[in-house]
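Please follow this explanation with the sequence and the structure side by side. It moves from single residues to the packing of helices.

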Amino acid sequence: MARIFSGIQPSGELHIGNYLGAVKNWVRLQDTHPGAIYCVVDYHAITGTYDTAVLRARRWGMAKSLLAAGVDPSKAALFMQSDVPAHTELSWLFTTLTPLGDLERQTQFKDKSSKMESIPAGLLMYPVLQAADILLYRADSVPVGEDQVQHLELARDTARKWNAKFDQPYFPEPKPLLTPTRRIMGLDGQAKMSKSLGNTIALHETDEEIWAKIRPAVTDPQRVRKSDPGRPEVCNIFQLHKAFSSDETQTHVAQQCSTAGWGCMDCKKVLLEGMVLELTPIRRRSEELDAEPARVLDALADGAATARAIAGETMREVRGYMGLDVLA
Ligand code: AQP
């Protein structure tokens with residue numbers, strides 16, 4: 001049975017890009033893959049500048065939101081990366097195999113570092129830590145959004161290199177598991193929905209807040225007047241219908257749009273209904289967890305214990321294969 005691992009940064013609120021690109025898949029896969037491992041990667045979240053109080057609140061908020069979104073601690077282990085020190089330990093071992101040029105070529109590194117005056121080495125090493133996160137559990141499948149596929153390629157290279165160097169078929173080469181909604185665009189339709197671009201809809205937002213965001217959101221730019229027929233295939237709002245509306249509604253919306261039967265507002269109102277239907281139970285569970293914080297803390301403690309046991313065994317074997325065990 002394939003082992004599933006995935007992680008998410010506590011760098012802001014869980015948004016519908018994270019949810020549709022990855023977390024919804026986490027929830028689905030925990031039923032088909034017992035022992036799935038899900039991690040709040042707080043060490044990744046400190047590779048840029050940050051405020052400690054804000055980070056503390058976000059670590060808590062992310063764990064709570066994942067449980068509210070449906071991660072079930074009786075089916076999957078959920079924990080904080082910093083509670084399992086083997087992540088950074090394995091990461092160090094992997095830095096000794098990773099060519100610097102491969103790290104410098106990573107698109108996310110180039111994008112983020114180009115805006116920085118002083119580039120922390122941790123930002124460059126980010127994908128090495130990510131490789132360690134995954135390989136520590138010898139996971140072979142990683143549910144992620146499309147933006148993470150390049151990072152995963154580095155984890156695959158790392159597994160290949162380590163296996164070749166130490167002559168052991170020990171680490172699987174992890175493959176991405178993508179959803180049909182692998183890349184959700186921001187509401188301007190210009191760039192990926194992303195916390196750092198501030199173009200997100202967070203899972204906890206109220207119906208009114210969601211409406212205030214989708215009402216002015218960009219649609220098909222060629223549809224200037226209501227009487228112009230629209231092109232659902234290029235419209236960002238229709239992409240969201242694909243995630244939140246039933247097949248029947250999608251067909252109806254596409255037909256109304258392409259024949260100019262509906263204006264964009266009519267279409268957005270139907271989208272809002274679909275979003276409210278899916279997001280309201282998540283919001284409700286989140287409020288319940290606010291009232292019972294021990295449920296979040298217990299889930300994280302249990303998850304960390306499970307993760308430490310698996311990670312400890314991997315490190316013992318890896319140290320052995322690398323000549324870091326007994327003193328001869
Ligand atoms: N827009 C998106 N569409 C589909 N999937 C997405 N993911 C993120 N944005 C989208 C997926 O969500 C998971 C967790 O991502 P993360 O927060 O750990 O890192 P990220 O990709 O860097 O998220 P952001 O919002 O874009 O944060 P910033 O702006 O801080 O970099 C991953 O599986 C990711 O693919």
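In this predicted model, Asp167 is exposed, because 8 other C-beta atoms lie within 10 Å of its own and a residue counts as exposed at 12 or fewer. Asp167 belongs to the loop that runs between α7 (149-165) and β5 (175-177). Its backbone deserves attention as well: the phi angle of Asp167 is positive, near 55 degrees, although the residue is not a glycine.

A positive phi also occurs at Arg138, where the value is about 50 degrees and the residue is again something other than glycine. Arg138 is placed in the loop between α6 and β4 (141-143). With 17 other C-beta atoms within 10 Å, Arg138 is partly exposed.

The loop that follows β5 and leads to α8 (207-214) contains Leu178. This residue is partly exposed too, since 18 other C-beta atoms lie within 10 Å. In the sequence, Leu178 and Gly145 are 33 residues apart, yet the distance between their C-alpha atoms is 6.0 Å.

Attention now turns to a residue with an annotation. Is Asp133 buried or exposed? Asp133 has 25 other C-beta atoms within 10 Å, and the cut-off for a buried residue is 20 or more, so Asp133 is buried. Asp133 lies in helix α6, which comprises residues 121-135. Leaving aside residues up to four places away in sequence, Asp133 touches Phe5, Gly7, Cys39, Val41, Gln81 and His87. The unreviewed UniProt entry assigns the feature "binding site" to Asp133.

The same kind of record marks a stretch of the chain: in the unreviewed UniProt entry, residues 10-18 carry the annotation "short sequence motif: 'HIGH' region". Over residues 10-18, helix accounts for 33% of the chain and strand for 0%. The C-alpha atoms at the two ends of this stretch are 11 Å apart.

The remaining topic is how helices pack against one another. Helix α2 (residues 52-69) packs with helix α11 (residues 264-291) at an angle of about 130 degrees, and their axes are 8 Å apart. The two helices are therefore oblique to each other. The crossing of α2 and α11 is right-handed. On the α2 side, the contact is made by Lys64, Ser65, Leu67, Ala68 and Ala69, while α11 contributes Ile282, Arg285, Ser286 and Leu289. By type, the residues of this contact are five nonpolar, two polar and two charged.

Helix α2 also meets helix α12 (residues 293-321). What is the angle at which the axes of α2 and α12 cross? The axes cross at roughly 95 degrees and come within 10 Å. An angle from 65 to 115 degrees counts as roughly perpendicular, which means that α2 is roughly perpendicular to α12. In this contact, Ala63, Lys64 and Leu67 of α2 meet Val296, Ala299 and Leu300 of α12. The residues of the contact of α2 with α12 are five nonpolar, no polar and one charged. Lys64 and Leu67 of α2 thus appear in the contact with α11 and also in the contact with α12.

Terms used. Residues numbered from 1 in each chain as written. Predicted model: local features only at pLDDT ≥ 70, side-chain atom pairs only at ≥ 80, totals over all residues. Axes fitted to C-alpha atoms, helices over the stretch in contact; angles between N-to-C directions. Helix = DSSP H or I, 4+ residues; strand = E, 2+ residues; numbered from the N terminus. Parallel < 35°, antiparallel > 145°, perpendicular 65-115°, else oblique. Left-handed = near helix turned anticlockwise from the far one by under 90°. Contact = placed C-beta atoms within 7 Å. Nonpolar A, V, L, I, M, F, W, Y, C, P; charged D, E, K, R; others polar. UniProt positions renumbered as here; feature names shortened; annotations may be inferred.
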